[in-house]
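Reader: I would like to go through this chain step by step, with short answers. Please show the sequence and the structure before we start.

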Amino acid sequence: MDHSKHSLEFEARINSNGVLVVPKDVLERLTVQEGSKVTVRVTSDTISDALRKRTVTEDEIDRISQLQMEPRENVVKFLTAEGILAKNRGFMGRAKKALG
């Protein structure tokens, strides 16, 4: 089974020299080698654990942000609230009733 990917998301730390280290297993999954040219997008805002558990990615946040013409912060707030409301049985019952 081929587990290679063209892109993937991972968290990393930038050291005091400004160097970002890409773990070897990430490079292997991307099927790139030392010296390969890659595109890197750095986001200072991290996704909360609650959203990560729902498998929300930066790409998904970006797509929603562009589609809705909303700032990233608003999209994150919406997705967080959506998750909280989806777990609320009372809210879900009222929502289903309102939608017919």
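Reader: Which residues make the nonpolar surface patch of about 450 Å²?

Author: The model is predicted. One member of the patch is Leu20, found in the segment before helix H1 (24-29). Leu20 is partly exposed, with a relative accessible area of 35%, and a patch takes residues with over 30%. The full set is Ile14, Leu20, Val38, Val40 and Val42.

Reader: How much area does the chain expose, and what share of it do carbon and sulfur atoms supply?

Author: Of the 100 residues of the chain, 12% count as buried. The exposed area comes to about 8800 Å². The share supplied by carbon and sulfur atoms is 53%.

Reader: What is the order of the elements from the N terminus on?

Author: The chain has five helices and zero strands. Read from the N terminus on, the order is therefore written with helix symbols alone: α-α-α-α-α.

Reader: Which residues make up the largest nonpolar core?

Author: In soluble globular proteins, nonpolar side chains tend to be buried together. In this chain the largest such core has six residues in all. They are Ile47, Leu51, Val56, Ile61, Val75 and Leu79.

Reader: What does Ile47 touch, not counting residues up to four places away in sequence?

Author: Ile47 belongs to the largest nonpolar core. Two of its contacts, Val56 and Ile61, are members of that core too. The whole list is Glu9, Arg52, Val56, Thr57, Glu58, Ile61 and Arg72.

Reader: How many salt bridges does a search of the whole structure find?

Author: One salt bridge joins the side chains of Glu11 and Arg52. Glu58 forms a salt bridge with Arg72. The search of the whole structure gives a total of two.

Reader: How far apart in sequence are the parts that the pair of Glu11 and Arg52 ties together?

Author: The side chains of Glu11 and Arg52 meet at 2.7 Å, N to O. Glu11 lies in the segment before H1 and Arg52 in helix H2 (residues 49-53), so the salt bridge ties together parts that are distant along the chain by 41 residues.

Reader: Is Glu11 buried or exposed, and what is the class of Arg52?

Author: Exposed means over 50% relative accessible area, and partly exposed lies between that and the limit of 20% for buried. Glu11 has 53%, so this residue is exposed. Arg52 has 32%, so the class of Arg52 is partly exposed.

Reader: Which helices does the salt bridge of Glu58 and Arg72 tie together?

Author: The closest N and O atoms of Glu58 and Arg72 are 2.6 Å apart. The two residues are 14 apart in sequence, and each lies in a helix, so the pair ties together H3 (residues 58-68) and H4 (residues 72-86).

Reader: Are Glu58 and Arg72 buried or exposed?

Author: The cut-off for buried is under 20% relative accessible area. Glu58 has 8% and Arg72 has 16%. Both values fall under the cut-off, so Glu58 and Arg72 are buried.

Reader: Why do the buried residues of H3 line one face of the helix?

Author: The buried residues of H3 are Glu58, Ile61 and Ser65. An α-helix has 3.6 residues a turn, so residues three or four places apart point the same way. Seen down the axis of H3, the buried residues line one face because they fall within an arc of 60°.

Reader: Which exposed residues does the face of H3 turned away from its buried side carry?

Author: The buried side of H3 holds Glu58, Ile61 and Ser65. The face turned away from that side carries Arg63, Gln66 and Leu67.

Reader: What is the phi of Thr55?

Author: Thr55 is in the loop between H2 and H3 and is exposed, with a relative accessible area of 61%. Thr55 is not a glycine, yet its phi is positive. The value is about 60°.

Reader: What does Val32 touch, not counting residues up to four places away in sequence?

Author: Val32 is found in the loop between H1 and H2 and is partly exposed, at 22% relative accessible area. Its contacts are Leu27 and Val38.

Technical notes. Residues numbered from 1 in each chain as written. Predicted model: local features only at pLDDT ≥ 70, side-chain atom pairs only at ≥ 80, totals over all residues. Heavy atoms only, no water. Core = buried A, V, L, I, M, F, W, Y, C linked by side-chain atoms within 4.5 Å. Buried < 20%, exposed > 50% of the residue type's maximum accessible area, 1.4 Å probe, protein only. Contact = heavy atoms within 4.5 Å. Patch = residues over 30% accessible without salt bridge, like charges linked within 9 Å, V, L, I, M, F, W, Y side chains within 5 Å. Areas by Shrake-Rupley, 256 points an atom, 1.4 Å probe, with all protein chains shown as cover. Salt bridge = Lys/Arg side-chain N within 4 Å of Asp/Glu carboxyl O. Helix = DSSP H or I, 4+ residues; strand = E, 2+ residues; numbered from the N terminus. Arc of directions from axis to C-beta.
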